[in-house]
Amino acid sequence: MADTLSFSLVSPASEVFSGEVDHVIAPGAEGEFGVLPNHAPFMTTLKNGVVRILSTGKDDMRVFARGGFADVTPAGLTILAEEAVDLASVAPEEIDSEIERSRLELKSRGDDEPGNARLVEHISYLEDLRAAI
Amino acid sequence: MASLKELKGRISSVKSTQKITKAKQMVAAAKLKRAQEAAEASRPYAARLAAVIANLTAAAASGGEGGPKLLSGSGREDTHLLLVMTAERGLCGGFNANTVKRAKQEIGELRAAGKTVKIITIGKKGREQLGREYGDMFVDHVDLSDVKGNDFTEAALGLGRELARRFEDGEFDVATLVFSEFRNVLSQVPVTRQLIPAKPPEDAETIDLKGAIYEYEPSEEEILETLLPRYLNTQILSGMLESAAGEQAASMTAMDNATRNAGELIDDLSLQYNRARQAQITKELIEIISGAEAL
């Protein structure tokens, strides 16, 4: 019996994490859940939030995922996210300035320009991300 | 024999053409690298999503119920929508022509089977080439010339939404994407991919559950409902990325060939030029010598 969990977290832009871990805690649509090795098959959508990856001997890794989806199989756990960033790799100041910039851009745009909805979504994603740090 | 002046003119014109093709080749090589990285980075996500969808559909099929329409289809197969994805620019060898050829073949087969065909073109070149014969089947066109870098996300999302809407409105029953898959720098293969009803690739890895039963949160249907549009978008996006990488690769190869051809042409012309020059010198010498002898 495997005593580690093979876990991968992928977004369309990149493979954020892939490897053997002990424990993953993810924000499920109906509540936070943890996955240990040999978990029963399980599938759920995720809320925007932080996925915590725990493995012994290493620091916890915290990844912010938006539009996520988790799939637990006997082979391991896969999280697919529309956007995902390792929280250790982002600086709060950068996010603040990015939020500022996006807001200004939204203001400078016309009312029904295409892409507005996407920009609003982007800002709310950044705000969630900022709050998660 | 062309005059010396004419030959000189031709040599310099071929040389300047060579400079242009060489520059285009280098630009394509740089763009190819970025496009290839983008295409490769998107592959794990697409593959995983395909595997999950395959798993879900296997489970849904065993359940026996219809499932969402994006998966089960409209129950008919009368109207086919073809999305033909080509480049915005030419100068990339047979890249566009090959994709269009594949699309024409597909159109021919569908028509022979008595189906109604509608076409959405993505990229200017395909529209131009298909327009002559099949212009009356066009229902829409997606312009990718404004896309900067390889950020096709917005274009893919837009097209995905548009497709879902048209499907809801019953405008078509089956949607198929025709595009060139990027295998490597030398080979781009035109392929078709069925988008609606969603059909996970047959080679997608399905996982043996060892008799266990999946638990779904919130529910199987809701998960499928959120995942299927995403799967559709991902497939369109990956098609766009593959096609962009393929275009640059084809362009690089075509420009490399053109540069080499120009080089050969320059060599030939230079040889001719030198021979002509030598002949003229010899002729002048003979004239001088025979003039001197006549004295």
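**Core, domains and chain contact in a predicted two-chain model**

In this predicted model, Val24(A), when its neighbours within four places in sequence are left aside, is in contact with Leu5(A), Phe7(A), Gly34(A), Val35(A), Val51(A), Arg52(A), Ile53(A) and Leu77(A). Val24(A) is also among the residues with the most contacts inside the largest nonpolar core, a group that further includes Leu9(A), Val63(A) and Ile79(A) from chain A, together with Leu83(B) and Val84(B) from chain B. This core has 88 residues, and its largest share, 17 residues, is contributed by helix H6 of chain B, which covers residues 220-294.

Chain A is divided into domain 1, spanning residues 5-88, and domain 2, spanning residues 91-132. The C-alpha centres of these two domains of chain A lie 26 Å apart, and the contact between them takes eight residues from domain 1 and four residues from domain 2. On the side of domain 1 that touches domain 2, at least two residues are supplied by each of strands S6 (49-54), S7 (61-73) and S8 (76-86) of chain A; by class, this side has four nonpolar, two polar and two charged residues.

Between the chains, the contact takes 24 residues from chain A and 23 residues from chain B. For chain B, helix H1 (4-63), strand S6 (215-217) and helix H6 each supply at least two residues of the side that touches chain A, with the largest share, seven residues, coming from H1(B). The residues of this side of chain B divide into 15 nonpolar, three polar and five charged. Strand S5 of chain A (residues 42-45) runs parallel to S6(B) and is joined to it by three bridges, with Phe42(A) standing opposite Glu215(B).

Conventions: Residues numbered from 1 in each chain as written. Chains lettered and ligands numbered in written order. Predicted model: local features only at pLDDT ≥ 70, side-chain atom pairs only at ≥ 80, totals over all residues. Core = buried A, V, L, I, M, F, W, Y, C linked by C-beta atoms within 7 Å. Buried ≥ 20, exposed ≤ 12 C-beta atoms within 10 Å, placed from the backbone. Helix = DSSP H or I, 4+ residues; strand = E, 2+ residues; numbered from the N terminus. Contact = placed C-beta atoms within 7 Å. Domains from an automatic or database assignment. Nonpolar A, V, L, I, M, F, W, Y, C, P; charged D, E, K, R; others polar. Pairing = 2+ DSSP bridges.
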